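User: Please take a close look at one part of this model. Pick a helix, then follow its surroundings into the interior.

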Amino acid sequence: MELHLEAGAVLRFVPDPALYPPVAARWEGATTTIHSPCIYARDAVGVSITGRGEIDGGGAWWWAAFRAGDLVYPRPTLIGLHGCSQIDIADVTLRDSPAWTVHPLLCDDVRITGIRIINPPDSPNTDGIDPESSRNVRISDCHIDVGDDCIAIKAGSEHSLDRVPCENIAITNCTMIHGHGGVVIGSEMSGGVRGVVISNCVFQGTDRGIRIKSRRGRGGTVADVRVSNIVMDRVMCPLVINPFYFCGPDGKLPIVSDRTPQPVDEGTPRFRGIHLSHITATNVQSCAAFLSGLPEAPLDDVTLDDVSIAFAPDAEPAVPAMADGVPAMAAAGIQAQFTTGLRISGLRLDRAIGPELVADETVQVTR
């Protein structure tokens, strides 16, 4: 099936909850009931959404209702494809999504190319593209300007009924504006995320550039991530790896922020094999990078090669990672804790205040 919008065509969705009947899905990683996506397919094969036209989700009404607490179910996504395969989304402009814009959930063989996503910078939870527990996903040549993460790779949370990985993800030749993160992994990663390649992208004005986040209780492993040829400007912190993430349900439990070793079990998240090269970031505010594992599960096998970071001349203090106990900082070097196998080469910092690397006794570094 192909939905094709010719140039000049506008498909506009009416913001009336009665038109979007509740369906079973995931919301922020948990199995639940949501309003039906504006464009929705389940267990379909061969779905295409193409053309130079525009799809308008009428998001303003939904954002106001969400802020007022007037909704019984979570808001619709603009395009929600659940359990589908052989998906093509190409060339269309997607605007004012009620919530996440493109959400392939439990899908296989997904190609998203040449699309434009435009949501206001202050619109809540309007992520651009969120592949969740999906495999063989290619995202290329897209322009994403949104109010939350531009691209967020997810694999369900501890509250999802099944643990399915998100794997074999390629992201290339994209421009990403405003969002909370350029490319984000997590925080819902209980099924694991592996085999991710991010290349030849530009991030401008995103809060963070590459961001990996989780917390105790979620479990899952992020492994084999390669990032290369990225240019960032006006990014608060270019790289954040944070297993103490405190947002969302259970995020404020004492165990989440505890810096003492805890028992290792199926709820222990792990990060390993994260490699970044040929990165340029200008007008950075907070720090060059924030890298952390857990004391009981250290961040392992991380490479930073040919990384050039210039801080803003008037850099203002900001907290790089959303975790208790992380102070605000300005123009600081790499911050590392609970990390083994950290290799740094070709690092250049301009206008940095203090040392290039601030690491505690838990960090093993090769330079």
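Analyst: Start at the end of the helix. This is a predicted model. Glycine 69 sits just after α1 and has a positive phi of about 70°. The helix itself spans residues 59-68, and its buried residues are Gly59, Trp62, Trp63 and Ala65. Viewed down the axis of α1, these buried residues fall within an arc of 165°, so they line one face of the helix. The general background: an α-helix has 3.6 residues a turn, so residues three or four places apart point the same way. The cover over the buried residues of α1 includes β4 (30-35).

Trp63 leads on to another site. Among the residues that threonine 126 touches are Trp63, Trp100, Asn119, Pro120 and Val146. Threonine 126 lies in the loop between β13 (116-118) and β14 (135-140). Its relative accessibility is 0%, under the 20% cut-off, so threonine 126 counts as buried. There is a polar contact too: the threonine 126 side chain reaches the backbone nitrogen of glycine 147 at 3.1 Å. Glycine 147 is also one of the contacts of threonine 126.

Now the nonpolar interior. The largest nonpolar core has 80 residues; Ile89, Ile115, Ile171 and Leu291 touch the most other members. Take leucine 291. Beyond its neighbours within four places in sequence, leucine 291 has contacts including Leu239, Ile241, Leu299, Leu304, Ile334 and Leu342. Gln335, Gln337 and Thr339 are also among the contacts of leucine 291. A second, separate core holds 15 residues, including Cys287, Ala321, Met329 and Phe338.

Terms used. Residues are numbered from 1 along each chain as its sequence is written. Side-chain values use heavy atoms; hydrogens and water are left out. Helices (H or I, at least four residues) and strands (E, at least two) are DSSP runs, numbered from the N terminus. Buried means under 20% relative accessible area, exposed over 50%, partly exposed in between (1.4 Å probe, protein chains only). A polar contact is a pair of N or O atoms within 3.5 Å; within protein, one must be able to donate a hydrogen and the other to accept it, and residues adjacent in sequence count only if both atoms are side-chain atoms. Contact means heavy atoms within 4.5 Å. The arc is that of the directions from the helix axis to the C-beta atoms. A nonpolar core is a set of buried Ala, Val, Leu, Ile, Met, Phe, Trp, Tyr and Cys residues joined through side-chain atoms within 4.5 Å.
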